[in-house]
Amino acid sequence: MLTDRQEEILDFIRCHQQDHTVPPSTRAIQKHFGFASQNAAMSHLRALAAKNAVQQFGDGSWGLKVSEIQGLFDLPIYGA
């Protein structure tokens, strides 16, 4: 079960990823939520990862798990 703040951060990640096709940086999360340091954003991301809500990618960025991304983007399908 996620805390209210974790839900807010997850919703921000979801919206950012939908609008920009890439997950937000930790600095963007820090700025959006008014955290004093980037470490606060990292702590929340680690907690979300422990609850299997987000994952860290090979390039170091954090984003939604594949199961969360499905349905986020509209993809036109052509053909039969």
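**Exercises on helix packing and local geometry**

H1 and H3 are roughly perpendicular to each other (65 to 115 degrees counts as roughly perpendicular, under 35 as roughly parallel, over 145 as roughly antiparallel, the rest as oblique). The model is predicted: local features need pLDDT of at least 70 and side-chain atom pairs pLDDT 80 or more, while totals for chains, interfaces and linings use all residues. Residues are numbered from 1 along each chain as its sequence is written, and side-chain values use heavy atoms, without hydrogens or water.

**Exercise 1. Outline the fold and surface of the chain.**

Step 1. Count the elements. The chain has 4 helices and 2 strands (DSSP runs numbered from the N terminus; helices are H or I with at least four residues, strands E with at least two).

Step 2. Order them. Along the sequence the pattern reads α-α-α-β-β-α.

Step 3. Take the surface. About 5400 Å² is accessible, and carbon and sulfur atoms hold 52% of that (Shrake-Rupley, 1.4 Å probe; for residues, only the protein chains shown count as cover).

Step 4. Take the burial. Of the 80 residues, 30% are buried (under 20% relative accessible area; exposed is over 50%, partly exposed in between; 1.4 Å probe, protein chains only).

Step 5. Check sequence range. Among contacts (heavy atoms within 4.5 Å) with a separation of 6 or more, 44% link residues 24 or more positions apart.

**Exercise 2. Describe how H1 packs on H3.**

Step 1. Get the geometry. Helix H1 covers residues 4–20, and its axis lies 10 Å from that of H3 at an angle of about 90° (axes are lines fitted to C-alpha atoms, for helices over the stretch in contact; angles run from 0 to 180 degrees between N-to-C directions).

Step 2. List the partners. H1 brings Arg5, Gln6, Ile9 and Ile13; H3 brings His44, Leu45, Ala47 and Leu48.

Step 3. Sort by class. The contact has 5 nonpolar, 2 polar and 1 charged residues (nonpolar: Ala, Val, Leu, Ile, Met, Phe, Trp, Tyr, Cys, Pro; charged: Asp, Glu, Lys, Arg; polar: the others, Gly among them).

**Exercise 3. Which residues make the contact of H2 with H3?**

Step 1. Get the geometry. The axes of H2 and H3 (residues 38–50) come within 8 Å and cross at roughly 105°. H2 is therefore roughly perpendicular to H3.

Step 2. List the partners. Thr26, Arg27, Ile29 and Gln30 of H2 meet Gln38, Ala41, Met42 and Leu45 of H3. By class this gives 4 nonpolar, 3 polar and 1 charged residues.

Step 3. Zoom in on Thr26. Thr26 sits in H2, residues 26–33, and is buried at 14% relative accessibility. Beyond four places in sequence, Thr26 touches Gln38, Ala41, Met42, Leu45 and Trp62. Its side chain makes a 2.5 Å polar contact with that of Gln38 (a pair of N or O atoms within 3.5 Å; within protein, one able to donate a hydrogen and the other to accept it; residues adjacent in sequence count only through side-chain atoms on both sides).

Step 4. Turn to Met42. Met42 belongs to H3 and is buried at 17%. Outside its neighbours within four places, Met42 contacts Thr26 and Trp62. Met42 and Ile29 are 13 residues apart in sequence, with 9.1 Å between their C-alpha atoms.

**Exercise 4. Is Thr21 buried or exposed?**

Step 1. Locate Thr21. Thr21 lies in the loop between H1 and H2.

Step 2. Read its area. At 57% relative accessible area, Thr21 is exposed.

Step 3. Check phi. Most residues other than glycine have a negative phi. Thr21 has a positive phi near 65°.

Step 4. Repeat for Asn52. Asn52 is in the loop between H3 and strand E1 (54–56), exposed at 55%, with a positive phi of about 60°.
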